[in-house]
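Please walk me through this model stop by stop. Tell me what to select next and what I should find there.

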Amino acid sequence: MEEYAFLQQFCKEKHIKSVLEFGPGTSTLAFLDAGCDVVSIEENWKWFQVAQRTLMLPNCTLLLGAPPAIMDHPRIAASSFDLAFVDGPGAKGPLPRLHSMQAAMSRASIVILHDANRAGEQATITEVTKNGGWEVIKQKSRRGIGILLRQSGAAVVHGERPSL
Ligand SMILES: C[S@@+](CC[C@H](N)C(=O)[O-])C[C@H]1O[C@@H](n2cnc3c(N)ncnc32)[C@H](O)[C@@H]1O
């Protein structure tokens, strides 16, 4: 199944109403089309301007910044989300998007990491789940979709700054 169709179907099946997204783009439209409220974070000023031109839509909030600092933003700080989708900032280093994943896991019980076919993203998933408390599901797709589900009994501490 095409990736954004999968995200739309996933949101409908899981009754996802609120999404925290790292890296806006076509995925943002998929979540909006699925009827979700989306808060999307972009760290790059150039791409933030592009997002402002194309994604200034009802139920969509665009924020300029990057984790961990952006997690103190009033729109996020005391909020939890049904789903966090991690597709930014641009992937680099041996554990790409580690800060985004840690921030995402502090605000949502369902976290999706895009580009999960890549070795770096797989290493990131291994790192963030090494202490347990999360089930990991790999959804086959062109770029790979890693789905992390918080296990019942593992607490969400809202407003907690992710340890980096
Ligand atoms: C892959 S983009 C996010 C795409 C979006 N989630 C989607 O699925 O359409 C991840 C990050 O890479 C950067 N980036 C690099 N090239 C980009 C491009 N051509 N369009 C948008 N963002 C780009 C931006 O900073 C962005 O947040």
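**Stop 1: the β6–β7 hairpin**

Select Trp134 and look across to β7: its bridge partner there is Arg150. Keep in mind throughout that this is a predicted model. Now widen the selection to both strands. β6 covers residues 134-139 and β7 covers residues 145-150. The two strands pair in the antiparallel sense, over six bridges. Next, pick the turn. Five residues lie between the strands of this hairpin. Gly144 takes a positive phi there, near 90°.

**Stop 2: the ligand shell**

Select the ligand and show its surroundings. Which residues surround the ligand? Begin with Gly23, Gly25, Thr26 and Ser27, which are among them. Add Glu42, Glu43, Asn44 and Trp47, also part of the surroundings. Finish with Asp87, Gly88, Pro89 and Gly90. Colour the shell by residue class. Two of its residues are nonpolar, seven are polar and three are charged.

**Stop 3: two cis peptide bonds**

Stay with Gly88 and Pro89, both in the ligand's surroundings. The peptide bond that joins Gly88 and Pro89 is cis, with omega about -5°. Pro89 sits in the loop between β4 and α4, the latter spanning 98-105.

Now jump to Pro67 and Pro68. The bond from Pro67 to Pro68 is also a cis peptide bond. Here omega is near 5°. Pro68 belongs to the loop that runs between β3 (60-64) and β4 (83-86).

**Stop 4: positive phi outside glycine**

Select His15. This residue is not a glycine, yet its phi is positive, about 55°. Look for His15 in the loop between α1 (3-13) and β1 (18-22). Is His15 buried or exposed? His15 is exposed, because only 8 other C-beta atoms lie within 10 Å and the cut-off for exposed is 12 or fewer.

Move on to Asn59. Asn59 is not a glycine either, and its phi is positive at about 70°. The loop between α3 (45-55) and β3 holds Asn59. Asn59 has 14 other C-beta atoms within 10 Å, so it counts as partly exposed.

**Stop 5: α4 against α5**

Show the helices α4 and α5, the second of them at residues 119-128. Two packed helices are described by the angle between their axes and the distance between the axes. The axes of α4 and α5 come within 10 Å. They cross at roughly 40°. That angle makes α4 oblique to α5. Check the hand as well: α4 passes α5 in a right-handed crossing.

**Stop 6: two pairs separated in sequence**

Select Val86, in strand β4. Val86 counts as buried because it has 32 C-beta neighbours inside 10 Å. Add Leu113 and draw a distance between the C-alpha atoms. Val86 and Leu113 are 27 residues apart along the chain, and their C-alpha atoms are separated by 4.8 Å.

End at Ser79, in the loop between β3 and β4. Pro68 is in that loop too. How many C-beta neighbours does Ser79 have inside 10 Å? Ser79 has 16, so it counts as partly exposed. Draw one last distance, to Ala108. The C-alpha atoms of Ser79 and Ala108 are separated by 9.3 Å, with their positions 29 residues apart along the chain counted as the separation.

Note on methods
Residues are numbered from 1 along each chain as its sequence is written. This is a predicted model: local features need pLDDT of at least 70, side-chain atom pairs count only at pLDDT 80 or more; totals for chains, interfaces and linings use all residues. A residue is near a molecule or strand if its C-beta atom, placed from the backbone, lies within 6 Å of it. Ala, Val, Leu, Ile, Met, Phe, Trp, Tyr, Cys and Pro count as nonpolar, Asp, Glu, Lys and Arg as charged, and the others, Gly among them, as polar. Two strands pair if DSSP finds at least two bridges between them. Helices (H or I, at least four residues) and strands (E, at least two) are DSSP runs, numbered from the N terminus. A residue is buried if 20 or more other C-beta atoms lie within 10 Å of its own, exposed if 12 or fewer, and partly exposed in between; C-beta atoms are placed from the backbone. Axes are lines fitted to C-alpha atoms, for helices over the stretch in contact, and angles run from 0 to 180 degrees between N-to-C directions. Angles under 35 degrees count as roughly parallel, over 145 as roughly antiparallel, 65 to 115 as roughly perpendicular and the rest as oblique. A crossing is left-handed if the near helix is turned anticlockwise from the far one by less than a right angle, and right-handed if clockwise.
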